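Hi,

Here is the structure I said I'd pass on. Have a look at it first, and my notes follow underneath.

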Amino acid sequence: MATCDECGEYENLPYQCRRCGQTFCADHRLPENHDCPGLSEWNDPGGVFDSGFDDSVDGEPRGSTADADGITGRVKRRVERETSTGGLVSYFRGNATYALLAAMWLTFVAQWVAIGVGGESLHNRLFVLESYAILDVWTWVTAVFSHSPAGLFHIIANSIVLFFFGPLVERAVGSKKFVGFFLVAGIVAGLGHVLFVLAMGDVVGVLGASGATFAILGVLTVWRPNMEILLFFVVPMKLKYLTWGTAVVSALLVVSTGAAGVGGIAHLAHLIGFAIGLAFGSRNEGLARRSRGPGGVTMGARGPGGPGGPGGPGGPGGRL
């Protein structure tokens with residue numbers, strides 16, 4: 001069940017506007033029925049509907065004796081260019097969350113291939129950010145998408161967070177900015193964890209997207225702290241209780257043990273990611289408001305509920 005962002009009524013089967021990301025009842029689901037800002041933001045930037053009579057078409061001045069068929073052809077090509085899907089690449093515009101999700105699972109398959117071909121040493125060289133090989137810069141990125149091959153819980157937990165919460169942030173900030181945010185948060189969280197362990201005179205290897213997914217949760221903790229989720233698909237609770245509760249537990253474990261990771265989980269990386277998300281959310285609050293931000297969604301109202309938080313047992317070294 002969710003609350004309509006226009007009239008405040010509870011709706012068992014809510015609709016989510018694809019333009020502004022908010023949630024509405026049946027009466028207000030259409031963009032024109034909830035004063036959707038997306039309707040006024042499209043202003044024909046490419047001049048698709050420019051007839052060519054007022055000024056020019058592709059440089060042809062008014063009164064030109066250019067062939068009318070040629071002008072019509074140019075206008076037609078411009079319309080096709082401005083309104084076409086743009087091919088495969090443009091599919092990811094507005095769907096970057098799902099592209100990142102696919103990249104995680106493809107990387108997971110590649111991890112198993114690497115293990116089968118070259119064993120654990122090849123796998124770690126390609127996919128694990130290790131403190132004694134920190135200059136292997138490709139692992140800064142691959143470690144964000146790789147997950148513990150020892151089990152599925154690690155990648156499933158991060159996939160749930162990315163699948164349900166990622167689109168809410170992406171719609172507000174745009175696909176390019178969201179991808180950049182995801183990668184930077186994941187890389188900084190992993191590097192921060194490894195460098196801390198190095199400073200303590202120890203070595204570690206980390207992998208996983210939990211630093212990035214925790215950053216996403218941090219953003220929404222700023223924007224929608226009271227958004228309802230279903231913990232483990234069962235227990236209803238507000239997002240802020242999940243995120244701050246998990247952060248407090250991780251901080252207590254790091255402080256009490258003096259270790260960045262406990263039980264094979266990279267708790268420090270989680271905290272770094274969460275801090276990045278809080279900072280990003282605070283910095284972009286205005287942008288979220290202008291796009292009307294992520295809607296008051298009750299996770300699970302139209303399908304499975306929210307996650308039980310990123311991370312999980314298993315994995316070599318520290319697991320994000």
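Helices here are DSSP runs of H or I with at least four residues, numbered from the N terminus. Keep in mind that this is a predicted model.

With that numbering, A102 sits in helix α4. Its relative accessibility is 37%, so A102 counts as partly exposed. A102 is 57 residues from S159 in sequence, yet their C-alpha atoms are 9.4 Å apart in space.

Most of my notes are about α6, which runs over residues 153–173. With 21 residues at 1.5 Å each, α6 should span 30 Å, and the 29 Å between its end C-alpha atoms agrees with that. There is a kink of about 40° at G166, shortly before the proline P167. Just after the helix comes G174, with a positive phi near 95°.

Is α6 enclosed or open? Of its 21 residues, 17 are buried, so the rest of the structure largely encloses it.

That goes along with the largest nonpolar core, which has 44 residues. L162, F165, V169, F178, F182, I216 and L220 have the most contacts inside it. Several elements give two or more residues to this core, among them α4, α5, α7 and α9. The biggest contributor is α6, with 10 residues.

On the outside, Y132, L195, L198 and V203 make a nonpolar surface patch of about 410 Å². V203 is in the loop between α7 (175–199) and β6 (205–207).

Cheers

Notes: Residues numbered from 1 in each chain as written. Predicted model: local features only at pLDDT ≥ 70, side-chain atom pairs only at ≥ 80, totals over all residues. Heavy atoms only, no water. Expected span 1.5 Å × (residues − 1). Bend = angle between axes of the 7 residues up to and from the residue. Buried < 20%, exposed > 50% of the residue type's maximum accessible area, 1.4 Å probe, protein only. Patch = residues over 30% accessible without salt bridge, like charges linked within 9 Å, V, L, I, M, F, W, Y side chains within 5 Å. Areas by Shrake-Rupley, 256 points an atom, 1.4 Å probe, with all protein chains shown as cover. Salt bridge = Lys/Arg side-chain N within 4 Å of Asp/Glu carboxyl O. Core = buried A, V, L, I, M, F, W, Y, C linked by side-chain atoms within 4.5 Å.
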